[in-house]
Amino acid sequence: FPLHLKHAGLALGTVLSSLFNAAVLACLLHRRYGSPGWRRVAVSAARSAAASVAMSLVVLASYPWLETVAAERLSAKPALIIALASTIALACVTYFVLAALLRSPELREVAAALRRRTQRGQP
């Protein structure tokens, strides 16, 4: 890797080891308990990946612009903080809107769990 990307090797190693771990655990799960519905799992993973890719593109496009706009109005450190916080908020909104449009079942499960929790009176 070029010098300015040396830290990416650590992230790449973490991702590769996580993928290997997930594959081994999936094989063990399948062997011990049978298929958990791999087709549904693959479709759900594809929906999440599509929302993640779109979210990444929004982040890559918006952060430089937000950083420039904030830097015109604020000093350096507050501008970076505002740009980063705004980008994170925009990324979250993008992901959840796309997950809803793609009819992600996990999103419905999270919403149902939150409704159950608030009905029981827990914060």
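**Entry 1: terms and model**

I call a residue buried under 20% relative accessible area, exposed over 50%, and partly exposed in between, with a 1.4 Å probe and protein chains only. I am working on a predicted model, where local features need pLDDT of at least 70, side-chain atom pairs count only at pLDDT 80 or more, and totals for chains, interfaces and linings use all residues. Residues are numbered from 1 along each chain as its sequence is written, and side-chain values use heavy atoms, with hydrogens and water left out.

I take helices from DSSP runs (H or I, at least four residues), numbered from the N terminus.

**Entry 2: Leu57**

I looked up Leu57 in helix α2. Is Leu57 buried or exposed? Leu57 has a relative accessible area of 55%, so I noted it as exposed. I then checked Leu57 against Ala91, 34 residues away along the chain. Their C-alpha atoms are separated by 9.3 Å.

**Entry 3: helix α2 as a whole**

I followed α2 from residue 38 to residue 73, which makes 36 residues. From the first C-alpha to the last, α2 reaches 51 Å. The expected value at 1.5 Å a residue is 52 Å, and α2 comes close to it. That expected span is 1.5 Å times one less than the number of residues.

Where does α2 bend? I found a bend of about 30° at Ser62. The bend is the angle between axes fitted to the seven residues ending at a residue and the seven starting there. A proline, Pro64, follows Ser62 within four residues.

I listed the buried residues of α2: Ser44, Ala51, Ser62, Leu66 and Ala70. So Ser62 is on two of my lists, as the place of the bend and as a buried residue, by the cut-off for buried. The cover over these buried residues includes α3 (76-101) and α4 (105-119).

**Entry 4: two more places in α2**

Val43 lies in α2. Its relative accessible area is 33%, so I wrote it down as partly exposed. Val43 and Ser104 are 61 residues apart along the chain, with 9.4 Å between their C-alpha atoms.

Ala49 is also in α2. At 40% relative accessibility, Ala49 counts as partly exposed. I compared Ala49 with Lys6, 43 residues apart in sequence. C-alpha to C-alpha, the two are 26 Å apart.

**Entry 5: Leu98 in α3**

Leu98 lies in helix α3. Its relative accessible area is 23%, and I noted it as partly exposed. Which residues does Leu98 contact, leaving aside its neighbours within four places in sequence? I found Ala51 and Ala54. Contact here means heavy atoms within 4.5 Å. Ala51 was already on my list of buried residues in α2. I also checked Leu98 against Tyr63, 35 residues apart along the chain. Their C-alpha atoms are separated by 19 Å.

**Entry 6: the salt bridge**

How many salt bridges are there in the whole structure? My search finds one. A salt bridge is a side-chain nitrogen of Lys or Arg within 4 Å of a carboxyl oxygen of Asp or Glu. Arg73 forms it with Glu72, the closest N and O atoms being 3.6 Å apart. Side chains of opposite charge can pair when their charged atoms come close. Arg73 is exposed at 62% relative accessible area. Glu72 is exposed at 60%.

**Entry 7: helix α1 and what follows**

Helix α1 covers residues 6-33, and Leu12 lies in it. Its 28 residues should span 40 Å at 1.5 Å a residue, and its end C-alpha atoms are 41 Å apart, which agrees. At 42% relative accessibility, Leu12 counts as partly exposed. Gly34 follows α1, with a positive phi near 85°.

**Entry 8: the loop between α3 and α4**

I ended at Arg103, in the loop between α3 and α4. Phi of Arg103 is near 55°, a positive value in a residue other than glycine. Most residues other than glycine have a negative phi. Arg103 is exposed, with a relative accessible area of 61%.
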